[in-house]
Amino acid sequence: MNALELGNELLTCIAGHLALKDLAEFGTVCRRFHSIIQDDTVWREALANQYGIRYKLPHQSWRDTYLKKEQDPHDNRLCPHLSNVDSAALAPYVKKYQAVLNWLPKNVNCATCGMNEYERGACLYVWEGNVRLRCRDCSYRFHNAEPGRQGILIRINVLQLFCFNCSRLLGETRGDESEAYYVNHLLEILTNGSELGREALRQKQQCMDERIMQRELVDRLYILNQPYFLVERVWLCSWFLRLCDGKIGQGPVNNLPLAISEEDDTLDPSARPKGNFVGGFGIITPELWYYLTDTYGLVGSTYTSDDIQGAEYDDLRQAIIDWRLI
Ligand SMILES: [Zn+2]
Ligand SMILES: [Zn+2]
């Protein structure tokens with residue numbers, strides 16, 4: 001049988017298995033083959049066959065997504081394993097998710113160890129079209145029990161998706177927009193338009209935004225070139241640790257330990273940057289200060305770079321200079 005006698009559908013299917021170089025060559029054979037590679041369907045096939053990716057941004061072509069994936073050999077931006085998670089897999093867990101949201105402990109037990117998970121934050125372990133509600137430990141154990149298993153962990157209390165194979169959180173700052181779009185789509189299925197679900201999605205977004213702020217606006221050398229604010233170190237650390245865990249901070253910002261005493265709220269000259277001890281501080285930009293105090297509130301006083309110009313703060317200022325900020 002001559003290849004030219006094959007139907008377009010079959011030709012598209014064959015072309016979808018060709019690597020990029022061969023696909024380009026395929027398009028030069030004749031006008032009909034050329035029209036086949038002009039059609040976006042062949043790129044959808046190629047992306048799924050070669051990279052296992054079956055998602056994209058709505059306004060982007062499969063071809064553009066394919067070309068982006070070509071530039072991502074280590075799956076740092078577009079996770080192929082995420083394609084194994086779809087709405088059909090998640091639909092049966094919508095009710096359990098609502099139970100977690102509403103603090104109803106019923107039916108939120110780990111499928112492996114049987115522990116009730118509603119307090120510790122249950123996870124869904126998704127692999128090859130299967131889903132189980134498991135605790136985090138059992139999910140890791142199950143994943144590692146079979147080498148080569150492709151699995152994704154959904155921490156349903158904080159709406160985070162973690163890919164074991166790509167070893168990163170999906171749909172967050174390191175990933176591609178199309179990955180983030182697909183993750184959001186899945187989370188919308190899980191949260192199912194409920195009010196508490198929408199609030200959980202909002203908090204997830206806030207957490208991601210604050211992680212970027214934390215990285216860029218805290219304890220960096222460039223902050224010293226402008227007026228800056230001092231924040232008590234223990235609060236700053238707990239905010240950071242919660243963000244790492246997928247949760248927003250807990251207010252209020254507490255600057256009380258930076259005061260000389262309960263009666264005198266002047267900044268204690270013996271306060272020092274760094275260190276996880278009470279009375280330590282970090283420095284942040286004005287932008288972040290106003291954001292944090294608006295969002296979380298404040299107890300204690302505001303201390304800025306203007307407050308540490310007196311001679312009694314010489315050592316404190318020197319400590320900031322000696323601090324190895326980058
Ligand atoms: Zn992955
Ligand atoms: Zn368990």
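## V42, a residue tucked inside

V42 is buried, because its relative accessibility is 0% and anything under 20% counts as buried. This is a predicted model, so please read every value here as computed from that model. V42 sits in helix α4, which covers residues 40-51.

What does V42 touch, once its neighbours within four places in sequence are left aside? The contacts are T12, A15, G16, L23, I36 and I37. You can also look for I14: 28 residues separate I14 and V42 along the chain, and their C-alpha atoms are 8.9 Å apart.

## Helices α1 and α3

Two of the residues that V42 contacts, T12 and I36, turn up again where helix α1 meets helix α3. Helix α1 runs through residues 8-15 and helix α3 through residues 31-38; their axes lie 10 Å apart, and the helices pack at an angle of about 65°. That angle makes α1 roughly perpendicular to α3, because angles of 65 to 115 degrees fall in that class.

The crossing of α1 past α3 is right-handed. To find the contact on your screen, pick N8, L11 and T12 on α1, then R32, F33 and I36 on α3.

## The first zinc site

Now turn to the zinc ion called ligand 1. Which atoms coordinate the zinc ion (ligand 1)? The donors are SG of C79, ND1 of H81, SG of C163 and SG of C166, at 2.1 to 2.3 Å. The angles among these four donor atoms are 100 to 115°, and the site is tetrahedral.

Along the sequence, the donor residues of this zinc ion (ligand 1) follow the spacing C-x1-H-x81-C-x2-C. Are C163 and C166 buried or exposed? C163 is buried, since its relative accessible area is 0%. C166 also counts as buried, because its relative accessibility is 11% and the limit for buried is under 20%.

## The second zinc site

The zinc ion called ligand 2 has four cysteine donors: the SG atoms of C110, C113, C135 and C138 coordinate this ion at 2.3 Å. The site of the zinc ion (ligand 2) is tetrahedral, with angles of 97 to 120° among the four donor atoms.

How are the donor residues of the zinc ion (ligand 2) spaced in sequence? The pattern is C-x2-C-x21-C-x2-C. Of these donors, C135 and C138 are both buried.

## Backbone details in the loops

Some points of interest lie in loops. Where along the chain is there a cis peptide bond? Look at the bond from G251 to P252, where omega is near -10°. P252 belongs to the loop between α11 (233-244) and β7 (253-254).

D75 has a positive phi of about 60°, although D75 is not a glycine. You will find D75 in the loop between α5 (62-70) and α6 (87-90). D75 counts as buried because its relative accessible area of 18% is under 20%. S167, another residue other than glycine, has a positive phi near 55°. The loop that holds S167 lies between β4 (160-163) and β5 (168-169).

## Two further helix pairs

Helix α7 (residues 94-101) packs against helix α9 (residues 177-191) at an angle of about 75°, and their axes are 8 Å apart. The two helices are therefore roughly perpendicular to each other. At their meeting place, V94, Y97 and Q98 of α7 contact I189, L190 and T191 of α9.

Helix α10 (residues 195-217) and helix α12 (residues 286-296) cross at roughly 145°, and their axes come within 11 Å. This crossing of α10 and α12 is left-handed. On the α10 side the contact is made by Q206, E210, M213 and L217, and on the α12 side by E287, L288, Y291, T295 and Y296.

## I321, an exposed residue

We end with I321, a residue of helix α13, which spans residues 314-322. Is I321 buried or exposed? I321 counts as exposed, because its relative accessibility is 60% and exposed means over 50%.

Compare I321 with V42, which counts as buried at 0% relative accessibility. I321 and L161 are 160 residues apart along the chain, and 40 Å separates their C-alpha atoms.

Methods: Residues are numbered from 1 along each chain as its sequence is written. Chains are lettered from A and ligands numbered from 1 in the order in which they are written. This is a predicted model: local features need pLDDT of at least 70, side-chain atom pairs count only at pLDDT 80 or more; totals for chains, interfaces and linings use all residues. Side-chain values use heavy atoms; hydrogens and water are left out. Donors are N, O and S atoms within 2.8 Å of the metal (3.2 Å for Na, K and Ca); water is not among the atoms, so sites may look incomplete. Four donors count as tetrahedral if all angles lie between 85 and 135 degrees; four count as square planar and six as octahedral if opposite donors are over 155 degrees apart and all others between 65 and 115; anything else is irregular. Buried means under 20% relative accessible area, exposed over 50%, partly exposed in between (1.4 Å probe, protein chains only). Axes are lines fitted to C-alpha atoms, for helices over the stretch in contact, and angles run from 0 to 180 degrees between N-to-C directions. Helices (H or I, at least four residues) and strands (E, at least two) are DSSP runs, numbered from the N terminus. Angles under 35 degrees count as roughly parallel, over 145 as roughly antiparallel, 65 to 115 as roughly perpendicular and the rest as oblique. A crossing is left-handed if the near helix is turned anticlockwise from the far one by less than a right angle, and right-handed if clockwise. Contact means heavy atoms within 4.5 Å.
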